Amino acid sequence: MTMGDKNLYGKLIVDVVICPVLEKLERKDISAAQTLRSAISKAESKLPGLTYDLVRGLLQQAELADKMDLCQTLLRLGGVTETEEIRIPRSEAIYRELNDCSVDLKRILGRIPEQIYDRKQFLETIKEIASSIKTLLDAVNKVIAEMPPHMVENGTKQVLEDRKKEFVRYSKKFSNTLKEYFRDTSLNQSVFLSANHLIHQTNLILKTVRQDVC
């Protein structure tokens, strides 16, 4: 595993494992939840991959590390997990559309582990992913086009433009990974990893918009 993969896993673990737990804790003790969220965020920023090391260590202690494919598990969770941290809480149509498109793409990507071994079904899923990527990019473009002046002035528009470029870059990587997989079907892990990157990039887009419109 590369350091980049480890960092990705750490960020995904925060989004799809830790944040849902903290949201439940907030209903009982909001102060404790906020303290934990801040501490985890700081720790992960100072030592990228720390969250991965923690979870990996727990799995090893429970003798589950060799029985669980973490990359595949995170992909499944990424497809079904929705938290306030990665949702834009605004009622305007452009934000609702961006939320919905993001949920749809992640849901389809999360199905990959179930469908990759059925070639016919997987090819249909790939078509859905391609369509969903285009729809999401259209939604991002609408948000960029309708950004209020303060989001342009404070640099949010440029950050979102950069996020979009990164998303496109990882979309192309995903496409190339699929081509390699169909030449060598033992490379299924590369597909799972690439799909996880797309989910992470989608979450980054949502977080970028959310931080300035809440």
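**Entry 1: R107 and its partner**

I looked up R107 first and found it partly exposed, with a relative accessible area of 38%. I use three classes here: buried is under 20% relative accessible area, exposed is over 50%, and partly exposed lies in between (1.4 Å probe, protein chains only). The model is predicted, so I kept in mind that local features need pLDDT of at least 70, that side-chain atom pairs count only at pLDDT 80 or more, and that totals for chains, interfaces and linings use all residues. Residues are numbered from 1 along each chain as its sequence is written, and side-chain values use heavy atoms, with hydrogens and water left out.

Which side chain does R107 meet in a salt bridge? I found D104, at 2.3 Å from N to O. A salt bridge here is a side-chain nitrogen of Lys or Arg within 4 Å of a carboxyl oxygen of Asp or Glu. D104 is partly exposed too, at 27% relative accessible area. R107 and D104 are separated by about one helical turn, because they are three residues apart in helix α5. Helices are DSSP runs of H or I with at least four residues, strands are runs of E with at least two, and both are numbered from the N terminus.

**Entry 2: other salt bridges**

I noted that the structure holds 14 salt bridges. Side chains of opposite charge can pair when their charged atoms come close.

One of them joins E97 and K142, with 3.2 Å from N to O. This pair links distant parts of the chain, 45 residues apart: E97 is in helix α5 (residues 93-110) and K142 is in helix α7 (residues 119-145). I checked accessibility and found E97 partly exposed at 25%, and K142 partly exposed at 38%.

I also looked up E124 and K127, whose side chains meet in a salt bridge at 3.5 Å, N to O. Both lie in helix α7, three residues apart, which is about one turn of the helix. E124 is partly exposed, with a relative accessible area of 43%, while K127 counts as exposed at 55%. Elsewhere, E26, R37 and E85 are joined into one network by salt bridges that share partners.

**Entry 3: K106**

Is K106 buried or exposed? I found K106 buried, with a relative accessible area of 1%. K106 lies in helix α5. Leaving aside neighbours within four places in sequence, K106 is in contact (heavy atoms within 4.5 Å) with G78, G79, E82, I86, I199, T202, N203 and L206.

**Entry 4: aromatic rings**

I searched the whole structure and got four aromatic pairs. Rings of Phe, Tyr and Trp (its six-membered ring) pair if their centres lie within 6.5 Å; planes under 30 degrees apart count as stacked, over 60 as edge-to-face and the rest as tilted.

The Y9 and Y52 rings have centres 5.7 Å apart and planes at 50 degrees, so I wrote the pair down as tilted. Y9 is in helix α1 (residues 3-26) and Y52 in helix α3 (residues 50-61), so the pair links distant parts of the chain, 43 residues apart. Y9 counts as buried at 7%, and Y52 is buried at 9%.

For F122 and Y181, the ring centres are 6.0 Å apart and the planes stand at 90 degrees, so this pair is edge-to-face. F122 lies in helix α7 and Y181 in helix α9 (residues 156-183), so the pair ties together parts 59 residues apart in sequence. F122 and Y181 are both buried, and they form one aromatic cluster with F182.

I also noted R169, whose charged end sits over the ring of Y170, 4.9 Å from the ring centre. A charge counts as over a ring if NZ of Lys or CZ of Arg is within 6 Å of the ring centre and within 35 degrees of the ring normal.

**Entry 5: cysteines**

How many disulfides are there? I counted zero, with a disulfide taken as a pair of cysteine sulfur atoms within 2.5 Å. The sulfur of C71 is 19 Å from the closest cysteine sulfur, in C19, which is too far for a bond. C71 is buried at 2% relative accessible area, and C19 is buried at 5%.

**Entry 6: the nonpolar core**

A nonpolar core is a set of buried Ala, Val, Leu, Ile, Met, Phe, Trp, Tyr and Cys residues joined through side-chain atoms within 4.5 Å. The largest one has 52 residues, of which L98, L109, I112 and F174 touch the most other members. I listed the elements that give two or more residues to this core: α1, α4 (70-80), α5, α7, α9 and α10 (188-213). Not counting residues up to four places away in sequence, L109 touches L75, I129, F174, A195, L198 and I199.
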